[in-house]
There are 2 protein chains.
Amino acid sequence: MKLYERLAREIEDLIAQGVFRHGDRIPSVRQASQHRQISITTVLHAYMLLESKGIIESRPQSGYFVRLPASMGGNTGGKIETELRTSEPIAVSAQVDVSRLVLSTLRSIGSGSAIPLGSPYPDPKLFPSDKISRYGSAIVRRKSQWGVTDELPPGNPELIRQITRRYLENGEPVDPNEIVVTVGATEALNLCLQAVAKPGDTVAVESPTYYAMLHAIERMGMRAIEVATHPSEGIDLGALSSILDTTRIAACMVMPNFQNPLGFQMPEEKKRELVELLARHHVPLIESDVYHELYFGESHPRSLKSFDTHGLVLHCASFSKSLTSAYRIGWAMAGRFHEQVEKLKFLNTLTTPSIPQLAIAEYLKNDGYEHHLRRVRKVYAQQANLMTATVKRFFPEGTRTSHPMGGYVLWVELPPAVDSMRLYQLALDNGITIGPGYMFSAANSYRNFIRLNYSYTWSPEIEGALITLGKLVAACMAVSRA
Amino acid sequence: MKLYERLAREIEDLIAQGVFRHGDRIPSVRQASQHRQISITTVLHAYMLLESKGIIESRPQSGYFVRLPASMGGNTGGKIETELRTSEPIAVSAQVDVSRLVLSTLRSIGSGSAIPLGSPYPDPKLFPSDKISRYGSAIVRRKSQWGVTDELPPGNPELIRQITRRYLENGEPVDPNEIVVTVGATEALNLCLQAVAKPGDTVAVESPTYYAMLHAIERMGMRAIEVATHPSEGIDLGALSSILDTTRIAACMVMPNFQNPLGFQMPEEKKRELVELLARHHVPLIESDVYHELYFGESHPRSLKSFDTHGLVLHCASFSKSLTSAYRIGWAMAGRFHEQVEKLKFLNTLTTPSIPQLAIAEYLKNDGYEHHLRRVRKVYAQQANLMTATVKRFFPEGTRTSHPMGGYVLWVELPPAVDSMRLYQLALDNGITIGPGYMFSAANSYRNFIRLNYSYTWSPEIEGALITLGKLVAACMAVSRA
């Protein structure tokens, strides 16, 4: 039995013995931590376990309390109230212009020493940067004469071999001749979208949407139509079907696995249905699968591409979320649009830099990618729980959170009165960054939402930042009432 | 007096003494080299000096001969016949679709051990790759925790500082806030063009044109109009002015310094006129200045941007031709279009990889960039002469060459009967690559032209390859006559 399980059991026993009675406030996380000389993380873990069993509950701004058993008329834990609902965007195609906001936000997130809850990147401390760099240095020493022609599209042959092998290990055989190496998934998404649609066309996206999708649409002067999206199952097929029946859609862009910001994993059967729905309408389906390696479940989630029998799925991925963000290596597998994507890659950036390609290829060949991923997945899963519990505890009533099934971001709905841009500014003044909801919609649909990053190693600083954030949310509400 | 000058003097003396009489064949380069135990390079140098003085002449396939003095009725050295003329493209805007040809050509150029006369890249042996790599490794060791936000557009601040300093050293003060770091000049050109023109627009280019320009036009589905271009002074301002008067031109794209493939340097006064002409028409002027560091003259040539007073010049450059091709670091300074270019950079590839940016910044800060360049310039200037002389000597009559004033490519006009694609194939079969003229025009205007790269250290293999090429050209002519 682990330490946190033992602590949970102890508290359960204390309740059973009547030491704590229903309605009683139990010791705060900090008190318990100091008192028992165990880490805050362990205490939080224990409290979350008790909460999930319905034995205690957290009350915003107050602490943890022993629950009245349901059989005795206790509430049901606020289950309905704290759950996100399916989004209800207005299905009108809109011009996209979010990049200025995103760029200025990312800049402030990167500057100085602020607590990076708003960062889109995973904590680099968990990445095997040193190992990859060593491969990079060795390659540089070994091969001092660089030809650039080796790296012409589709990309470095050894890296393509290693990417192919990785798909095979994940149970998804792919054709190496289909892979085109790109400057991150950003370029892959851009090339795929440019291959299938032209300026002025309308593209269907999830709501909320990962802003990389919105950027690709904005870059080409296209229009976005946001589709209702279920917080744990993904894009609403009924809503999408209606749109396809009534509007000329040039492409659909989604993240089937651990969508940013919602963190859901589309059920496998729904993935198949989505692929088939679009194929029936002859609409290309672009998927960003950059988080696929970061699953919390038992097995690797399938890509939409693995369900594709028509060559209509264009699959984009990268190493930026799972191995190293600094190298900017992504790739596309574009089905029947392969030739066009390869040509566009050549036109767009000529080649992807060599050394990062070779360094990653060497790492994949020789080192423990799977081992690294297992560790990261476990840490992220734990920290997802810790952050969810902390937000539930310290944020005002009316706050709802996503239930990430992978990846490293949490989507938080704040009470309607809160403007996330104002909160973002207040947080920044307090040395904390957050991702304001505005970044995730072309139609400003997520005014009172924020995205939080839980990839950073849990610490008193992060817990403190969340407590501060909770107070700032309350302050925003008070201002709004005044 | 240098060795080759001494040799030239000796031969001059021998002619004066009547040992060699006019019309006599003098010893072949090889014979003279063996006989005197001096290098082929030195002999070629000496012969070129004598040729430039009008004392000897080379006859295709035959060798060097003592000239009849002009006063005695000798020909004028074929000056008119061997000079390239101003191009005369048909001024009709055309769709652009050259990238497939260029990509397949570059691929074959890069594969295997062929003599890389067709390569677009400088000989990597002359590059300080080891030094830059050492900086790269050191950075990687020093900074194992990568944030990506440091590199968000406009790019790494230290690299931007070093680029600014370099412009200052070259006598061209620039505003560091205008610099946006890109994935090579390729991306810079793309972003600049996208910032000022839209699909369907017409863009004026030189003729022949560097294919990177054609790619940028093709990428956005724009049209190109090719403008008459003087082989040593650049784009014809009269022709351009007529086009501007009659056609809606969205932008003009040129290489003012050491244009690829012609190698000219626009006279400074003509640069000013070009900038003013376009400003009068309110047409943005995009310049690729990637060869500016590789001048053969006394001083650094000015950029078009340095003449700009309206913010209408968009300046693109990179380190790929002068420092390292493998790192893919370029930049744009886009005048009044700066904000748009910065935004498009963010949309296109998010960030430029960090390590290459930092490694180059460190090299520029600490090492002998100027020293490296001085060496490279001298070598390229010598090899330009060697290759020109060799082509003149071994290629059939009717061959004309450019007179590069910088950079590392020679543009060769072959007799009209020769199809450069056929020559390209024959050359490839003989282990030699060349750049077929087709790559340099959207209108297939350069059927009987080739581009040769003289950056590779002169060797018997390269001389041999040129001799073989000369024979293949002759063979192409024979086939065409048959």
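A salt bridge, as I use the term here, is a side-chain nitrogen of Lys or Arg within 4 Å of a carboxyl oxygen of Asp or Glu. Keep that in mind for two interfaces in this model, which is predicted.

I start inside chain A. It is divided into domain 1, residues 3-72, domain 2, residues 127-369, and domain 3, residues 371-481. I will talk about domains 2 and 3 of chain A. Their C-alpha centres lie 27 Å apart. In contact there are 30 residues of domain 2 and 27 residues of domain 3. Between them the two domains bury about 2,300 Å², with 61% of that on carbon and sulfur atoms.

How many salt bridges are there between domain 2 and domain 3 of chain A? The count is 1. A:E293 and A:R377 form a salt bridge through their side chains, at 3.6 Å from N to O. On the domain 2 side of this interface, α8 (211-219) and β6 (223-227) of chain A each supply at least two residues. By class, that side has 17 nonpolar, 9 polar and 4 charged residues.

Now the two chains. Here 50 residues of chain B are in contact with 50 residues of chain A. The chains bury about 5,000 Å² between them, 61% of it on carbon and sulfur atoms. Across this interface there are 8 salt bridges. B:K343 and A:E218 meet in a salt bridge, at 3.1 Å from N to O. Elements giving two or more residues to the chain B side include α4 (99-110), α7 (184-196) and α11 (338-349) of chain B. That side has 21 nonpolar, 17 polar and 12 charged residues.

Note on methods: Residues numbered from 1 in each chain as written. Chains lettered and ligands numbered in written order. Predicted model: local features only at pLDDT ≥ 70, side-chain atom pairs only at ≥ 80, totals over all residues. Heavy atoms only, no water. Domains from an automatic or database assignment. Contact = heavy atoms within 4.5 Å. Buried area = accessible area lost by both parts, 1.4 Å probe. Helix = DSSP H or I, 4+ residues; strand = E, 2+ residues; numbered from the N terminus. Nonpolar A, V, L, I, M, F, W, Y, C, P; charged D, E, K, R; others polar.
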